[in-house]
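Visitor: I'm new here and would like to know how you back up what you say. Could you bring up the structure first?

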Amino acid sequence: MSQGPVDASQVPRFAGPDTYARLPRIDQVERADVAIVGVPFDSGVSYRPGARFGPAAVRQGSKLIRPYNPALDVSPFADLQVADAGDIVCNPFDIGAAIETIEQAAGEFDAGLVTIGGDHTIALPLLRAAHRAHGPLALLHFDAHLDTWDTYFGAEYTHGTPFRRAVEEGILDTEALSHVGIRGPLYGKADLKEDRRLGFGIVTSADVMRRGPDEIAEALRQRIGERPLYISVDIDALDPAHAPGTGTPEAGGLTSRELLEILRGLAGCNLVGADVVEVSPAYDHAEITAVAAAHVAYDLISLFALRSRA
Ligand SMILES: N=C(N)NCCCC(=O)O
Ligand SMILES: [Zn+2]
Ligand SMILES: [Zn+2]
C-alpha cells in the first residue's frame, strides 16, 4: 500500500508538511516509484532571476491538490508511491559544477523523477541522467522559447541552450523532438533553420489555438510512439496571464487548460522523466504561476501512474 498525502480532513491544508502535495518525504517511505525533487538553481538565466525559489513556491502552490484525478480517472498517489525527495543542493556560483551535481544526484534515484526547477539549464543534466538509464530519449518540450541557441556571452551552458547541447551529446532521439508553445520574436530567421537542422518540430501557441489540444496531442503521440519520453515544461509556455511569475515572459501563450489537456492526451506514453522549470515567484501574483506549475506536475505524476497500469 502506498503512503499518500496527509488527509486534509484531519490536518488542515495550511498546517502539516511543506512537501509537494503534502506527500511523505522520501526518507519516510520504504521505496518510491516517483520522486518529486527540487533544483533551486537559477544562475543560467538571461533576464529576470529568481527561479531558485521555484521549488519552494511550487510546493506551496500544491497544497490544495486532491488524491483523485478525474480528467485521467487515476489516483496517482494510491497507484504509485510518490514521495518528495527535497532539493538537490548545487553550487550557485559555478554552472559547470552545478550541472555535474544535478546529473549525479538525478542518476542516484531508482524512481521516475518529476523535477521542479530552477531555470531551464537544469534540463541538460536531467536529460543526461535519464539517457544513462533509458538510452536515446524522445523529447517533448513546452516553452515559448526554442532553447536551442548556441551560446550567450560565449557561455555554452545557460537556460537558452540546453537542448542544443543535448542533441550535440547524442542523448536525444532526433526522430522524436518537439517544441510546443513557441512564439515571440527571435534573433533571426536562422534560429528556426538551426532548430530544424537539429531535428525539432515546432507547434506554435497559435497552432494549439487553431487545431486544439486533442489534435495536437494525437500528432505528438504519433511522433513519440513507444520511445522513452522526457517531458520538459518551461512554465513560460503559458501566457503571462496564466504564468506571470517567470523570467522571460512572452505574450500570446497557451492557457493552463490547453497545456493540461495536451498532457492528458499523452496518456499511455512511455514517460521516463519530467521537469517543470522557470517559476520565479518574485514576479508571481496570488500564486497563479505556482498553482499552474503544481498542477502540471500533478498531471505528469498521473501519466506515470497510467503507464504503470499498462
Ligand atoms: N526561458 C528560457 N528557458 N529561455 C529563454 C531564453 C530567451 C533569451 O534570453 O533569449
Ligand atoms: Zn522559455
Ligand atoms: Zn526554456
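**Around the ligand and the zinc ions**

Guide: Ligand 1 sits in the second largest pocket. Keep in mind that this is a predicted model.

Visitor: What makes you say that ligand 1 "sits" in the pocket?

Guide: A molecule sits in a pocket if more than half of its atoms lie within 2 Å of the pocket's grid points, and ligand 1 passes that test for the second largest pocket.

Visitor: Which residues surround ligand 1?

Guide: Among them are S46, H120, Y152, Y187, D234 and E278. The shell splits into four charged, five polar and two nonpolar residues.

Visitor: What makes the pairing of Y187 with ligand 1 a polar contact?

Guide: The cut-off for a pair of N or O atoms is 3.5 Å. A side-chain N or O atom of Y187 is 2.3 Å from an oxygen atom of ligand 1, so the pair counts. D234 makes the cut too, with 3.1 Å between a side-chain N or O atom and a nitrogen atom of ligand 1. The protein covers 92% of the 310 Å² of accessible area that ligand 1 has on its own.

Visitor: How do you know which residues coordinate the zinc ion (ligand 3)?

Guide: Donors are N, O and S atoms within 2.8 Å of this metal. H120 (ND1), D143 (OD), D147 (OD) and D234 (OD) lie at 2.0 to 2.2 Å, so they qualify. D143 also coordinates the zinc ion (ligand 2), 3.2 Å from ligand 3.

Visitor: Why do D147 and D234 tie together parts far along the sequence?

Guide: D147 is in the loop between β4 (137-142) and α5 (162-168), while D234 is in strand β7 (residues 229-234), so the pair links parts 87 residues apart in sequence.

Definitions and conventions. Residues numbered from 1 in each chain as written. Chains lettered and ligands numbered in written order. Predicted model: local features only at pLDDT ≥ 70, side-chain atom pairs only at ≥ 80, totals over all residues. Heavy atoms only, no water. Near = heavy atom within 4 Å. Polar contact = N/O pair within 3.5 Å; in protein donor to acceptor, adjacent residues only side chain to side chain. Areas by Shrake-Rupley, 256 points an atom, 1.4 Å probe, with all protein chains shown as cover. 1 Å grid on protein atoms, 1.4 Å probe; cavity = no way out; pocket = protein on both sides within 12 Å on 5 of 7 lines; lining within 4 Å. Nonpolar A, V, L, I, M, F, W, Y, C, P; charged D, E, K, R; others polar. Helix = DSSP H or I, 4+ residues; strand = E, 2+ residues; numbered from the N terminus.
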